[in-house]
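This briefing covers a sheet, the helices that pack on it, and the cysteines. Please read it alongside the coordinates.

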Amino acid sequence: MPTNNTMTESIKPLKTMTEWKLLEVHHEKIARRPLRDFFAADPERGEKLAIEAAGVYFDYSKHRVSEETIKLLADLAEASGLREKIEAMFTGEKINLTEGRAVLHTALRAPKNAAVVVDGENVVPHVHAVLERMAAFADKLRAAQWKGHTGKTIKNIVNIGIGGSDLGPVMAYEALKNYSPRWLTFRFVSNVDGTDFAEAVQGLDPEETLFIVASKTFTTQETMANAETARDWALKALKDKAAIARHFVAVSTNAAKVEDFGIDTANMFGFWDWVGGRYSMCSAIGLSTMIAIGPDNFRQLLAGAHEMDEHYRTAPFERNIPALMGLLGIWYNNFFGAQSVAVLPYEQYLKRFPAYLQQLAMESNGKRVTLDGRPVDYQTSQIYWGEPGTNGQHSFYQLIHQGTKLIPCDFIAFSRPAHKLGRHHDLLMANVFAQAEALAFGKTAEELKAEGVKDWLIPHKTFEGDRPSTTILLDELTPAALGRLVALYEHAVFTQGMIWQIGPFDQWGVELGKVLAGRIVPELEAKTEPDLKHDSSTNALIRRYRERR
């Protein structure tokens with residue numbers, strides 16, 4: 001294994017650490033204490049257990065914690081070397097051990113005068129050079145100066161990518177759609193299922209359509225299959241192969257393959273191996289975002305993320321929003337046995353935010369061995385899921401309130417609406433506060449009896465309460481606010497990975513299926529009956545498909 005002092009020095013098995021054992025004892029002491037008691041004992045709890053920093057108000061008072069819990073969790077972070085590991089990440093140490101790479105999504109939003117050195121070179125000037133090229137291209141397109149092959153103005157942007165090359169851009173576009181000029185149409189293709197492409201180009205004029213092909217290596221199977229279909233679709237109308245240079249741009253580092261595809265490498269926007277896919281939306285992968293919201297707003301998104309970066313890097317853990325978010329996740333996952341987190345944005349524009357977080361958290365921390373290769377004997381990543389409020393209230397909130405599973409919730413809300421329409425925002429915000437209150441305090445049998453509810457109905461209407469939640473409140477959904485939210489969750493995920501002693505920056509778990517699919521494709525396409533050497537189930541499925549397609 002590659003050596004890396006910061007990441008592997010003095011790693012003790014997590015459950016043998018004194019700080020972990022103290023948390024186990026503490027959990028036994030307070031696990032059954034009702035939240036009602038916590039609040040009754042301290043009338044100022046709602047203000048004490050809240051942090052305001054980096055444009056975010058983070059209320060964690062409705063969690064099943066005391067001030068002692070927070071201190072013990074912060075002690076665990078210190079004992080795990082989290083402070084040193086944060087610094088190692090920010091300064092370009094190669095903390096992605098299995099791939100031998102630095103992890104520098106934070107450098108993507110560093111100001112021009114910053115210095116982040118990787119292999120003896122300050123990478124910040126390179127980051128800003130790419131941003132300036134992106135801005136020039138975006139400005140030209142937004143000013144209707146970029147023309148297609150036939151001289152028509154480009155009005156449609158189709159981003160082709162998958163994973164981090166899709167989830168970040170589509171989430172950011174939907175989140176900041178209010179900042180996008182509506183004469184431009186944006187669509188996103190990721191799935192290799194042909195339906196995704198067919199629907200994405202429905203109603204589009206090839207003469208007015210630009211494709212952004214986002215693949216670092218320009219070899220990603222799904223992305224390149226969709227890109228080749230897009231090229232065929234465009235050429236069917238445009239006839240001339242030279243048209244590709246006016247209707248395709250690339251986000252990639254493989255100039256040879258980009259050129260072979262027919263894309264002018266002058267319209268190739270690069271990034272670096274220290275940018276992981278799920279951490280890449282602030283890089284050239286965000287080209288569609290920049291076109292949609294404009295370069296100035298994109299820079300505001302970067303500035304918001306940088307503000308949260310600096311807070312995470314410098315604040316003490318007991319007052320550090322991302323660190324606390326990560327630590328609270330560990331508290332419930334590893335001590336209460338809660339296996340999922342519901343992310344509940346009360347903002348329709350954030351409808352894709354939970355899907356974005358699924359990759360960020362579960363691809364990062366869905367690991368079963370430590371950095372030094374030992375199997376873990378504790379749970380790692382929670383399952384992330386959610387929908388916007390108030391829609392979810394009429395869907396799965398029943399389970400959260402009265403079901404048998406403990407599901408911590410993140411409520412995300414904004415003090416000012418994107419659209420001022422009558423009473424809508426007051427109604428929306430009333431639901432945010434009411435849901436968090438109901439989850440925390442519930443409704444007792446005694447309260448129901450006092451209201452005159454019939455005895456036989458009381459068990460059905462009783463709410464246990466003690467369902468934990470965080471309320472994350474920002475002023476308004478702006479580009480800077482989105483940047484803060486993205487960085488908040490990125491660093492919470494990092495916090496958890498470091499304490500669990502796992503590597504949150506590789507994703508070997510996605511590789512085996514890809515390799516096997518590569519073997520099966522020629523078997524499906526073979527003209528004669530292939531010699532199948534899979535298990536009996538897979539062999540039977542392949543034969544049935546070949547017979548019936």
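The notes below are grouped by topic.

The model is predicted. Its open sheet has 6 strands with mixed pairing, and two helices, α16 and α18, are described with it. The disulfide count is 0.

**Sheet order and edges**
- The strands of the open sheet follow the order β1-β2-β13-β12-β10-β11.
- β1 (50–53) and β11 (383–385) are the edge strands; each has a single partner strand, so one side of each has no neighbour in the sheet.
- On average, neighbouring strands of this sheet are turned by 15° against each other, with direction ignored.

**The β1–β2 pairing**
- β1 pairs with β2 (residues 56–59) in the antiparallel sense, over 4 bridges.
- In this pairing, alanine 50 is opposite aspartate 59 of β2.

**Helices on the sheet**
- Helix α16 (residues 353–365) lies across three strands: β10 (340–345), β11 and β12 (409–414).
- The direction of α16 is at about 165° to β11.
- Helix α18 (residues 424–441) also packs on the sheet, where it touches β12 and β13 (469–474).
- Between the directions of α18 and β12 the angle is about 155°.

**Cysteines**
- No pair of cysteine sulfur atoms lies within 2.5 Å, and the disulfide count is accordingly 0.
- Cysteine 282 has a relative accessible area of 3%, so it counts as buried, the limit being under 20%.
- Cysteine 409 is also buried, because its relative accessible area is 1%.

Note on methods
Residues are numbered from 1 along each chain as its sequence is written. This is a predicted model: local features need pLDDT of at least 70, side-chain atom pairs count only at pLDDT 80 or more; totals for chains, interfaces and linings use all residues. Side-chain values use heavy atoms; hydrogens and water are left out. Two strands pair if DSSP finds at least two bridges between them. Axes are lines fitted to C-alpha atoms, for helices over the stretch in contact, and angles run from 0 to 180 degrees between N-to-C directions. Contact means heavy atoms within 4.5 Å. Buried means under 20% relative accessible area, exposed over 50%, partly exposed in between (1.4 Å probe, protein chains only).
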